[in-house]
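These are my notebook entries on one protein chain, written while I went through the model with a few plain queries. I begin with a single residue and widen the view from there.

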Amino acid sequence: TNDILQLYGFFMLFMGFMLVPSEFPGWLSWTYYVGMQTYSWRVFMYTEFCCDDQEWEGGAFTSGTDVLEFYEIENVNRGNDLVVLIFYGLIIHILSCVVLHLRYTMFKSKIEAVEDTE
């Protein structure tokens, strides 16, 4: 499971929050589109800051549009990103079902209780 967590952390680095896409090394630009957290983060940020006409005082950003431009997500299509997230969920669900089916039919594995050694 550590490998999966490391991979998840790697894609979190390249989702656009810690590094904006224009700062990615050229050979790693594909990582922006692979991680599913990229799409959820973009939808959240766009929903939160889109069309915010109110001016803010005293800060790094003067409006919600400035926030979106800084993170390079000013032209997000929420519908497309949500469809990608739904497909990610379906793929993970299908793969989980396939793994469970293989484990309990082909390998005839049974869950055995683990005894406590204390």
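**Entry 1: threonine 38.** I started with threonine 38, which has its place in helix H3, and I kept in mind throughout that this is a predicted model. Threonine 38 has a relative accessible area of 0% and is therefore buried, since buried means under 20%. When I set aside residues up to four places away in sequence, I found threonine 38 touching Phe14, Met15 and Tyr32.

**Entry 2: phenylalanine 24.** Next I looked up phenylalanine 24, which sits in the loop between helix H1 (2–13) and helix H2 (31–34). Is phenylalanine 24 buried or exposed? Its relative accessibility is 8%, so I count phenylalanine 24 as buried. Leaving out neighbours within four places in sequence, I listed its contacts as Phe14, Gly16, Leu19, Ser29, Thr31 and Tyr32. For phenylalanine 24 and phenylalanine 14, which are 10 residues apart along the chain, I noted a C-alpha separation of 7.6 Å.

**Entry 3: salt bridges.** How many salt bridges does a search of the whole structure find? The search returns one. It joins the side chains of arginine 42 and aspartate 81, with 2.9 Å from N to O. The pair links distant parts of the chain, as arginine 42 belongs to helix H3 (residues 36–49) and aspartate 81 to helix H5, 39 residues apart. As a general reminder to myself, side chains of opposite charge can pair when their charged atoms come close.

I then checked how well covered the two partners are. Arginine 42 has 13% relative accessibility and so counts as buried, and aspartate 81 is likewise buried, with a relative accessible area of 3%. Beyond its neighbours within four places in sequence, aspartate 81 is in contact with Tyr39, Arg42, Val43 and Val76.

**Entry 4: aromatic pairs.** I searched for ring pairs and found that the structure holds five. For phenylalanine 61 and phenylalanine 70, the ring centres are 5.5 Å apart and the planes stand at 65°, so I recorded the pair as edge-to-face. Phenylalanine 61 is partly exposed, with a relative accessible area of 25%, and phenylalanine 70 also counts as partly exposed, at 47% relative accessibility.

Phenylalanine 70 has a further edge-to-face partner in tyrosine 71, with 5.0 Å from centre to centre and 85° between the planes. Tyrosine 71 is buried, its relative accessible area being 13%. Which residues form one aromatic cluster? I wrote down Trp41, Phe61, Phe70 and Tyr71.

**Entry 5: the largest nonpolar core.** The largest nonpolar core has 16 residues, and I noted that Trp41, Met45, Leu68, Tyr71 and Ile73 touch the most other members. The elements that supply two or more residues to this core are H3 and helix H4 (64–70), and H3 gives the most, with four residues. Trp41 and Tyr71 thus appear in this core as well as in the aromatic cluster. I followed leucine 68 further and, leaving aside neighbours within four places in sequence, found it in contact with Met45, Tyr46, Phe49, Cys50, Ile73 and Glu74.

**Entry 6: a nonpolar patch on the surface.** Turning to the outside, I found a nonpolar surface patch of about 1,100 Å², made by Val83, Ile86, Phe87, Leu90, Ile91, Ile94, Leu95, Val98, Leu102, Met106 and Phe107. Of these patch members I looked up phenylalanine 107, which lies in the segment after helix H5 (78–106). Phenylalanine 107 has a relative accessible area of 60% and is exposed, because the limit for exposed is over 50%.

**Entry 7: the chain as a whole.** I closed with the totals. The secondary structure comes to five helices and zero strands, and from the N terminus on the elements run α-α-α-α-α. The chain has 118 residues, of which 25% count as buried. Among contacts with a separation of 6 or more, 47% are between residues 24 or more positions apart. The protein chain exposes about 9,000 Å², and carbon and sulfur atoms supply 63% of that area.

Key:
Residues numbered from 1 in each chain as written. Predicted model: local features only at pLDDT ≥ 70, side-chain atom pairs only at ≥ 80, totals over all residues. Heavy atoms only, no water. Patch = residues over 30% accessible without salt bridge, like charges linked within 9 Å, V, L, I, M, F, W, Y side chains within 5 Å. Areas by Shrake-Rupley, 256 points an atom, 1.4 Å probe, with all protein chains shown as cover. Salt bridge = Lys/Arg side-chain N within 4 Å of Asp/Glu carboxyl O. Buried < 20%, exposed > 50% of the residue type's maximum accessible area, 1.4 Å probe, protein only. Phe/Tyr/Trp six-rings, centres within 6.5 Å; stacked < 30°, edge-to-face > 60°. Core = buried A, V, L, I, M, F, W, Y, C linked by side-chain atoms within 4.5 Å. Contact = heavy atoms within 4.5 Å.
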